Structures are given as C-alpha cells and as structure tokens.
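Work through the exercises below with the model open. Each task is followed by a stepwise solution.

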Amino acid sequence: MNLSELKSICKNDNIPIVRDGTILLINRIINQLKIKTILEIGTAYGYSSYAMSLNKSVRKIVTIEKNNLNFLKASFYLKDIKKIKIINGDAFKYQFFNKYDLIFIDGSKSHQDVLFNKLKKCLKRSGIIIIDNIFLKKFSTKKNLTRNQQKLIKKVEDFYKFLQNLKGWFVLIKDIEDGVAIISKKQWKLL
C-alpha cells in the first residue's frame, strides 16, 4: 500500500488526517533538521506516520493510539514499515522512557497543556515539538455551535494562551490550515 492509497482509505472512512500543507511543513522540518527519531501522539490509521517515515533521515517512529479499532487498522496498514512502532494506549497514562528528536502531537485537543508538560521530558535537548490544529478554523464559520464544540474551542484558545506565555521555550505559530505550533528549547531558523 502506498501513501495515496492510505489517504483514500482514511477519507472514505472519515478518519481525520493531517492536511497536505501541514505534512509538507513537517517533512521540510524533518529534512532540514535531519530528524532521526519521532514520537507521534494520535496515530489514527497511520497516515502521518507513513508520510514522515518516507524521509531518509528518519530511523524510528513511535506512535500511540488510544482507539483499539484505529490501532488495529494502523497495525495492518503499516505492517511493512519496520521503522514504525505502534502502541495501543492512552498518551496521558502511558509511561514514555526514551527521548526523541521530534514529538508530533495530533491527538485529543483537550488538556494539551498537561500532555505538553508530560511529553517535554521526552524531548532531546535540541528537539522540537510540533502541535497541529492550534486554531480549529473549521468551527469559526459555524453559527450554531454545540456545547461540546464551544468547550473544545475554549480549550484550544486556552492552550494557545498557554503557549504564548511559555517561559524558556521558543514558540512559533504558523497560520497554515488549522494552525501549527512549533516549539523548541533551541531557536531554529526554519524554512
């Protein structure tokens, strides 16, 4: 199975995937910084893991998925890609022991500050954290939002403020698609 076939399967099954511009940005960063190890939060069917694994510098991707069915689907779709290890678990509860060059957070949008504070310990000194969907623009044009959608927007807005007030970190917010946060201890001159 190739990447475009997996993308079609995700679309047919209504599985959200990282958008084209965002994965392009992530892959440029991976190439520029010669990223070797990646931790991904939120596997779904494995589309973004697959896309990142195509970079020559990447040696290992560990991706965690809470949903059992998505875990099984991703395990099947990615079975031939040896550099990807899929974990069935909750990132908030799972104990991570290794350190990574890049952490990509594309899972649940609630309590991202808690997740960030947990995962920053897994980042190598010169590593980078990328978080997708900082703005959730898809809700900005809707008039009658549900209570849950309003709560989600509030949580995302609170996390954005959390990032703006983060001390000791360099935070770059890219206004592409639904917004991408790039966070690191070292200031990189990114493309």
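**Exercise 1. Why is β2 largely enclosed by the rest of the structure?**

Solution.
- Note the source: this is a predicted model.
- Count the buried residues. A residue is buried when its relative accessible area is under 20%. In β2, five of the six residues meet that test, so the rest of the structure largely encloses the strand.
- Look at one side. β1, residues 37–41, pairs with β2 in the parallel sense over five bridges. Ile 61 of β2 is the bridge partner of Ile 38.
- Follow the chain between these two strands. From β1 the path goes through α3 to β2, a right-handed β-α-β crossover.
- Turn to another pairing. β2 and β3 (residues 84–88) run parallel and are joined by five bridges. Thr 63 has Ile 86 in β3 as its bridge partner.
- Trace the chain again. The route from β2 to β3 passes through helix α4, residues 68–77, and this β-α-β crossover is right-handed.

**Exercise 2. Describe the largest pocket: its volume, its lining and the residues nearest its centre.**

Solution.
- Start with the volume. For the largest pocket it is about 900 Å³.
- Count the lining. It holds 38 residues.
- Find the centre. Pro 16, Asp 106, Gly 107, Lys 109 and Asn 133 lie nearest to it.
- Assign the lining to elements. Those giving two or more residues are α1 (3–12), α2 (20–33), α3 (47–53) and β2 (60–65).
- Pick out the largest share. α1 supplies it, with three residues.
- Sort the lining by class. There are 15 nonpolar, ten polar and 13 charged residues.

**Exercise 3. Compare the backbone and burial of Lys 34 and Asn 133.**

Solution.
- Recall the background. Most residues other than glycine have a negative phi.
- Check Lys 34. Its phi is positive, about 55 degrees, although Lys 34 is not a glycine.
- Check Asn 133. Its phi is also positive, about 65 degrees, and Asn 133 is not a glycine either.
- Place both residues. Lys 34 sits in the loop between α2 and β1. Asn 133 sits in the loop between β5 (123–132) and α6 (147–164).
- Test burial. The relative accessible area of Lys 34 is 54%, so Lys 34 is exposed. Asn 133 has 16% relative accessibility, so Asn 133 counts as buried.
- Link back to the pocket. Asn 133 is one of the residues nearest the centre of the largest pocket.

**Exercise 4. Which residues does Ser 53 contact, leaving aside its neighbours within four places in sequence?**

Solution.
- Locate Ser 53. Its element is helix α3.
- Apply the burial cut-off. Ser 53 has 6% relative accessibility, so Ser 53 counts as buried.
- List the partners beyond four places. They are Ile 61, Ile 81, Lys 83 and Ile 84.
- Connect one partner to Exercise 1. Ile 61 is the β2 residue that bridges to Ile 38.

**Exercise 5. Set out the surroundings of Thr 37 and Tyr 160.**

Solution.
- Begin with Thr 37. Its place is in strand β1. At 16% relative accessibility, Thr 37 is buried.
- Name its contacts, not counting residues up to four places away in sequence. Thr 37 touches Lys 60, Lys 99, Tyr 100, Asp 101, Leu 102 and Lys 124.
- Add a distance across the sequence. Thr 37 and Ile 103 are 66 residues apart along the chain, with 8.7 Å from C-alpha to C-alpha.
- Move to Tyr 160. This residue belongs to helix α6. Its relative accessible area is 26%, so Tyr 160 is partly exposed.
- Name its contacts, leaving aside neighbours within four places in sequence. Tyr 160 meets Ile 134, Phe 135 and Ile 173.
- Finish with the spacing. Tyr 160 and Ile 134 are 26 residues apart along the chain, and their C-alpha atoms are separated by 6.7 Å.

Conventions: Residues are numbered from 1 along each chain as its sequence is written. This is a predicted model: local features need pLDDT of at least 70, side-chain atom pairs count only at pLDDT 80 or more; totals for chains, interfaces and linings use all residues. Side-chain values use heavy atoms; hydrogens and water are left out. On a 1 Å grid over the protein atoms alone, a cavity is a set of points where a 1.4 Å probe fits but cannot get out, and a pocket is an open set with protein on both sides within 12 Å along at least five of seven lines; lining residues have an atom within 4 Å of a point. Grid points are joined across faces, edges and corners, and a volume is the space filled by probe spheres set on the points. Helices (H or I, at least four residues) and strands (E, at least two) are DSSP runs, numbered from the N terminus. Ala, Val, Leu, Ile, Met, Phe, Trp, Tyr, Cys and Pro count as nonpolar, Asp, Glu, Lys and Arg as charged, and the others, Gly among them, as polar. Buried means under 20% relative accessible area, exposed over 50%, partly exposed in between (1.4 Å probe, protein chains only). Two strands pair if DSSP finds at least two bridges between them. A crossover is right-handed if, with the strands pointing away from the viewer, the path from the first strand over the helix to the second runs clockwise. Contact means heavy atoms within 4.5 Å.
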